[in-house]
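Work through the following exercises on charged side chains with the structure open beside you. Try each task before you read its solution.

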Amino acid sequence: MTTRELRTPILVVGGGLGGVAAALAAAENGQRVVLTEQYRWLGGQSTSQAVPFDEHPWIERFGGTRRYRRLRSGVRDYYRAHFPLTERSRNTPNLNPGAGVVSKLCHDPRVAVAVIDQLLLPHLVSGRITVLQPVVPVAADVDGDVVRAVTLRDEAGELITVAADYVIDATDTGELLPLTGTEYVTGFEARAEHDEPSAPDTAQPMNMQAVSICFALEHVDGDHTIERPAGYDRWRDKQVDFWGDRQLSWTSPDPRTLEPVLRTFNPNPGDDVHTLETDQSLGPGDTELWLFRRIAARDHFEPGFLASDITMVNWAMIDYFDAPVIDVDDAPQRLAEAKELSASALYWMQTEAPRADGGTGWPGLRLRPDVMGTDDGFAMAPYYRESRRIKAVRTVTENDVSLTVRAGGRAADFHDSVGIGMYRIDLHPSTGGDNYIDVPASPFQIPLGALLPQRVRNLLPACKNIGTTHITNGCYRLHPVEWNIGEVAGLLAATSLAEGTTPHQVRGDADRLARFQDFLTGQGIELAWPDEVAGY
């Protein structure tokens, strides 16, 4: 078999938000980039995994990079330019197309795909960015502490080897780390390693957060019940001690109190979407599932445009925590089980779920395969909440960000800050049998040291694979933080190439670090939070 060979200054493997940000930032600063992606859509969490932006309360004013704001604004502008919005919705400055209560920008994943393509198109035309997809990394050429090249395989089985000066791992599971021999960790670290209050006594490397296979639903006339999944009885009857009922039920644990909470389900409630956008009492704790991640609210559009709202199912009932899917030989089987769980949840809702009127099931619930870009109606990619994580020069721990631990409620001040982020430490049930772990966090910084492997010189992480612990991954894994991390990885590679230095030298020299931080500020990356913010 012949292998196609390419050469590029910067190779970005993984086209999720971090990978897109890395490629875009590097290209806008004059570098050539090869960007690769496993799935047909770029955008990862917000597209192929079908999870609208998870953000912090201040995102409309600050707490995101300039390029991330271009992405967010692009989504709203796309709706205004191409969709028949009502006049009021068109003139709503902070338009939330789905009026979902969990996000300030719940949107159709296809819109994010279109906006990302628009952002990258000028650089595709100029030749600064070359996109290879769908391809997966299968091997790496490593010389000591330097990664020389990565080999990828396409759907036809053909191989492509890309040699690069800098290699950025933007895969959702840190796929390049084992391929390159870069030291990494998975799962829980032992409490003794970092003295984290929420860590267990012993390390649990195979205890990882649940993955989820998301899907989009509408509710229309007719019977749209899917074929009964082969393993339906198993999932319908599954119950774990901390859940409060079967997993396929309207009950699930409250992430913060851990007490079982009875959720409600009311398709197409016909609410005032503008009230939802302004009512600050509604948020992640709201119990109405239809509104939770709704991505298209009929009331935002001209009458008759949508027969139904469209809601995205990413609820506790589809969390697959029966077994890990990273560093195991049977990962394909486990991911197939995760999809079967999601299908079983849908079948249960269509046939057996209790209704408020005393009946059971909503046969009018219909999958929207077009929204997912798939034939079967389920997301192209699993929603991975946790990745392999590099053993970093500086690991961010619970003691750096916990609102409870930090004196005065301020997160650690990192001298090498390269960005900021905010989210609660939000860990879903895990493969070790743990319930939610939810810890209030302080608005935090992203230290450059967390992007630097302890040994390997030219490989940089660009998403959930940075130097966090299992605990702090829970707040560093969300959309704006991943974008910020990826953007910095691309700019760090570009700077190292332009100045003939290395990422470790940038951090290790005070003058170089100061210049790099000034450069980041000029690129629209915020390095510190304003004094007005507080933890939540």
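**Exercise 1.** Find the salt-bridge partner of Glu60 and state where the two residues lie.

*Solution.* In this predicted model, Glu60 forms a salt bridge with Arg72, and the closest N and O atoms are 3.2 Å apart, which is within the 4 Å that the definition allows. Next, place the partners: Glu60 sits in the loop between β2 (33-36) and α2 (66-82), whereas Arg72 belongs to helix α2, so the pair ties together parts that are twelve residues apart in sequence. Finally, consider accessibility: Glu60, with a relative accessible area of 26%, is partly exposed, while Arg72, with 3%, is buried.

**Exercise 2.** Decide for Asp108 and for Arg110 whether the residue is buried or partly exposed.

*Solution.* Begin with the contact itself, a salt bridge in which the closest N and O atoms of Asp108 and Arg110 are 2.8 Å apart. Because buried means under 20% relative accessible area, Asp108 at 10% counts as buried, but Arg110 at 31% counts as partly exposed.

**Exercise 3.** Describe how Arg334 and Glu337 are placed in helix α10, and then look at a wider network.

*Solution.* The side chains of Arg334 and Glu337 meet in a salt bridge with an N to O distance of 3.5 Å. Both residues lie in helix α10 (residues 331-351), where they are three residues apart, about one turn of the helix. Elsewhere, salt bridges that share partners join Asp108, Arg110, Glu218, Arg366, Arg368 and Asp370 into one network. The whole structure holds 43 salt bridges.

Technical notes: Residues numbered from 1 in each chain as written. Predicted model: local features only at pLDDT ≥ 70, side-chain atom pairs only at ≥ 80, totals over all residues. Heavy atoms only, no water. Helix = DSSP H or I, 4+ residues; strand = E, 2+ residues; numbered from the N terminus. Buried < 20%, exposed > 50% of the residue type's maximum accessible area, 1.4 Å probe, protein only.
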